[in-house]
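Below are some notes for a colleague who has the model open. They begin with a single loop residue and then turn to the sheet and the helices that pack on it.

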Amino acid sequence: HYFIQSNLSSSNMAEFLASIFGTEKDRVNCPFYFKTGACTHGERCSRQHNRPTYSQTVLLNHMYRSPVNLSLAPEMQRLGGMSEETLQKHFDEFFEDIYCEMVDKYGPIEELNICENLGDHLVGNIYIMFKKEEDAQKAVDGLNNRWYNGQPIYAELSPVTDFREACCRQHETSECTRGGYCNFLHVKAASRECRHSLGVDTYGKGRHVAGGGSRRRDRSPRHRRRN
């Protein structure tokens, strides 16, 4: 009976630890890194950031450089001296670049989400969930040797598997009081015309769910190899 009771206790403990993994009750693993693949404390975080060895999701760190975020004057941050229409066109062109490049070179994707957060750990982050883990790894290996618009690309596998948990629910209803400095993802939406041309659907306010098709771009890519 002693051995049976001991095994049951170990089993219960394992179930308990699994149930709290990546939540606020978990005092070992960082819940924000687990949910969003990023943490405001970075390497100084008191909890562990368990980097996955395999995943469907790739994170491109700080790759999207919005004209809004590049504006240094606080009073200019909202528009960056550009109209909403111009800002949307800039984003749509970038979104199309990334979508076509990922699908054409690395494989079909399930989601492509680009952050419009302003916090240092989330600004410009791009999350790409591939259909296959091997395609995600292929993308990480290939992209870390590439540049975009004169900037090196930093790609890594991300622990994010459920974007419903990663995205800010209040932002979905335009009720987030933290604005661009929220620690959950604020995903910027491509225009309806852009989504239609790529065969991409949306879920919620801005999550982009791929339709599985690939559209050939009609302009030269701006990527180049590292020297």
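1. Where does Asn-183 lie with respect to helix 7 and helix 8? In this model, which is a predicted one, Asn-183 is found in the loop that runs between helix 7 (169–172) and helix 8 (192–198).

2. Is Asn-183 buried or exposed? The relative accessible area of Asn-183 comes to 15%, and because the cut-off for burial is under 20%, this loop residue counts as buried. Leaving aside residues up to four places away in sequence, Asn-183 touches Phe-32, Thr-36, Thr-40, His-121, Leu-122 and Arg-178. With one of these neighbours, His-121, the side chain of Asn-183 also makes a polar contact of 3.1 Å.

3. Turning to the sheet, six strands form an open arrangement in the order 6-1-3-2-8-7, with antiparallel pairing. Strand 6 and strand 7 occupy the edges and have a single partner strand each, so one side of each is left without a neighbour in the sheet. From one strand to the next, the twist averages 25°.

4. Individual pairings can be followed through particular residues. Strand 1 and strand 3 are joined in the antiparallel sense over four bridges, and here Thr-57 stands opposite Met-129 of strand 3. Between strand 2 (residues 109–114) and strand 8 (residues 207–210) the antiparallel pairing extends over two bridges, with Leu-112 placed opposite His-208 in strand 8. Strand 8 also pairs with strand 7 (residues 200–203), again in the antiparallel sense and over four bridges, and in that pairing Asp-201 faces Val-209 of strand 8.

5. Which strands does helix 4 lie across? Helix 4 lies across strand 2, strand 3, strand 7 and strand 8, and its direction runs at about 150° to strand 2. Helix 5, for its part, packs on the sheet by touching strand 1, strand 3 and strand 6, and its direction makes about 155° with that of strand 6.

6. The buried face of helix 5 deserves a separate look. Within helix 5 (residues 133–143), the buried residues are Asp-135, Ala-136, Ala-139, Val-140, Gly-142 and Leu-143. These buried residues pack against strand 1 (57–60), strand 3 (126–130) and strand 6 (155–157), and also against strand 4 (146–148) and helix 4 (84–105).

How values were computed
Residues are numbered from 1 along each chain as its sequence is written. This is a predicted model: local features need pLDDT of at least 70, side-chain atom pairs count only at pLDDT 80 or more; totals for chains, interfaces and linings use all residues. Side-chain values use heavy atoms; hydrogens and water are left out. Two strands pair if DSSP finds at least two bridges between them. Buried means under 20% relative accessible area, exposed over 50%, partly exposed in between (1.4 Å probe, protein chains only). Contact means heavy atoms within 4.5 Å. Axes are lines fitted to C-alpha atoms, for helices over the stretch in contact, and angles run from 0 to 180 degrees between N-to-C directions. A polar contact is a pair of N or O atoms within 3.5 Å; within protein, one must be able to donate a hydrogen and the other to accept it, and residues adjacent in sequence count only if both atoms are side-chain atoms.
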